[in-house]
Amino acid sequence: MKKMSLRWLLLSATIGCFMVSCRKEPLAPAPPVTEEILNLVAKEEIYTEEMFLAELPGMEAREQELEMLRQQILSEVTTDQLSINGNLLVFESLEYYQSIVDHGEDMSEALEGDPILVELDGVAERVVIDYVEANGFPSYGSIHGESSEFDQEFMDAILNEDRIVQIGSWLIKIDRNDEKVWTVPATNADAYQGLLQESGEGVESHSTGDDVLYQLTNDGLARDRGCGGISSGLYPQENKVFIPLQTTLNTFVTYRRFGIYFDLHAGAGYRNYFPPTNNNIHLTLQIKGPEAWRKRRPCRSRHIGRSASGDKRMGFGNTDYSWKFYSGSRGLNGFHLFARARAVILNHPSLGFVYGFSDWRGRNINSPY
């Protein structure tokens, strides 16, 4: 084990040198794949070409089913209560906003109820994103691009340059860097200016970890303000070698909080470095058992979402896949979500059939597992 660990360390250092040097010099041909390098290709589990080919039709059918579900969800969302007022995006009511971000989930606070089975979440938001783009709304994301502090497509779409959106009768400003949310009744005199200055009549501050929309509608009840929230976080892994000197795999799980919007998702991807290996890589995003699990606030609720372990997104040609397990207007009280990437090449020029896995990455907090 010590010899193998040392060889992996030396290999990682070699890859790092290549990645740095390629910024300054033209790429040179890759060194030949020797028997020693071949032995370093990670095979944490036994997986054969026959197994992959037998599973491939089912995986392709699964992707088609997910696309049909995605289209069905999109067909159920309308933009009849969405408008642009100058430089401001307006959701006509709180209920309309929630019908999008909480699509398919009962938002009552009943103590009992069957767990929600999650196939896809966060799809309905795409209707709003497309509306914003089609109407040329000067959104925060369109102005700041990759430098956006939000780095979240829905938030980048609904906020204007001042990071403000109107939901129902409230103007809302979000400062992610300071983890603050500022609100003011839209009917107040100089409401917009007061929000910009973060002071004035009716201007209130909240945390991005608060269920802000519920504080506004329940007069900021203490039970809704501080009940069982969990912190945001990104749980990534360092790149892991798939094909030595050529390709690495990576995986992440992230939970994000914006006060009016919360999301939890997993992602998997691969990167080709020196030189490109093969565009015909089949990538699969896998979820670890016993299942994906999450519980929504408030603490007294029994709103639990579950999804079976196994393959969630897969296919040829994509260098990245993501799977959203939760998006909504309330934060989470706990979750269990671990993900990894599996990559397969059928016809690598030197290795033939080759496969590999990234490490499991994720978090288990306040869950039964």
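# Notebook: rings, a pocket and some backbone oddities

**Entry 1, a tyrosine to begin with.** I looked up Y47 and found a relative accessibility of 7%, so this tyrosine counts as buried, the cut-off being under 20%. I am working on a predicted model, and I keep that in mind for everything below. Next I checked F52, which has a relative accessible area of 0% and is therefore buried too.

**Entry 2, ring against ring.** How many aromatic pairs does a search of the whole structure find? My search came back with 13 of them. Y47 and F52 make one such pair: their ring centres are 6.4 Å apart and the planes meet at 75°, which is edge-to-face because the angle is over 60 degrees. I then turned to F150 and F258, an aromatic pair with 6.2 Å from centre to centre and 50° between the planes, which I noted as tilted. This pair links distant parts of the chain, its partners being 108 residues apart. I placed F150 in the loop between α6 and α7, and F258 in the loop between β10 and β11. Are F150 and F258 buried or exposed? I found both of them buried.

**Entry 3, a cluster.** I went back to Y47 and F52 to see what company they keep. They belong to one aromatic cluster, together with F316, F353, Y355 and F357.

**Entry 4, charges over rings.** Which residue lies over the face of F338? I found K288 there, at 5.6 Å from the ring centre. For F325 I noted R294, which lies over the ring face at 6.0 Å from the centre.

**Entry 5, the largest pocket.** I looked up the volume of the largest pocket and wrote down about 1100 Å³. Its lining takes in 38 residues, and those nearest the pocket centre are G122, R126, E153, S322 and K324. By class, I counted 15 charged, 13 nonpolar and 10 polar residues in that lining. Which elements each supply at least two residues of the lining? On the helix side I listed α3 (49-75), α5 (125-134), α6 (140-144) and α7 (153-158). The strands on my list are β10 (247-257), β11 (262-272) and β14 (320-328).

**Entry 6, backbone checks.** I reminded myself that most peptide bonds are trans and that most residues other than glycine have a negative phi. Against that background I picked out a cis peptide bond between G289 and P290, with omega at about 5°. P290 sits in strand β12, which covers residues 281-296. I also flagged R163, which is not a glycine yet has a positive phi, near 65°. R163 is in the loop between α7 and β4 (164-167). I checked its exposure as well: R163 has 18% relative accessibility and so counts as buried. Where does N366 lie? I traced N366 to the segment after β17 (361-365). N366 is another non-glycine with a positive phi, here about 55°.

**Entry 7, the chain as a whole.** I closed with some totals. I count 10 helices and 17 strands in the protein chain. Of its 369 residues, 49% count as buried. Among contacts between residues at least 6 apart in sequence, I got 69% that join residues at least 24 apart.

Key. Residues numbered from 1 in each chain as written. Predicted model: local features only at pLDDT ≥ 70, side-chain atom pairs only at ≥ 80, totals over all residues. Heavy atoms only, no water. 1 Å grid on protein atoms, 1.4 Å probe; cavity = no way out; pocket = protein on both sides within 12 Å on 5 of 7 lines; lining within 4 Å. Points joined across faces, edges and corners; volume = space filled by probe spheres on them. Helix = DSSP H or I, 4+ residues; strand = E, 2+ residues; numbered from the N terminus. Nonpolar A, V, L, I, M, F, W, Y, C, P; charged D, E, K, R; others polar. Phe/Tyr/Trp six-rings, centres within 6.5 Å; stacked < 30°, edge-to-face > 60°. Buried < 20%, exposed > 50% of the residue type's maximum accessible area, 1.4 Å probe, protein only. Lys NZ or Arg CZ within 6 Å of the ring centre and 35° of its normal. Contact = heavy atoms within 4.5 Å.
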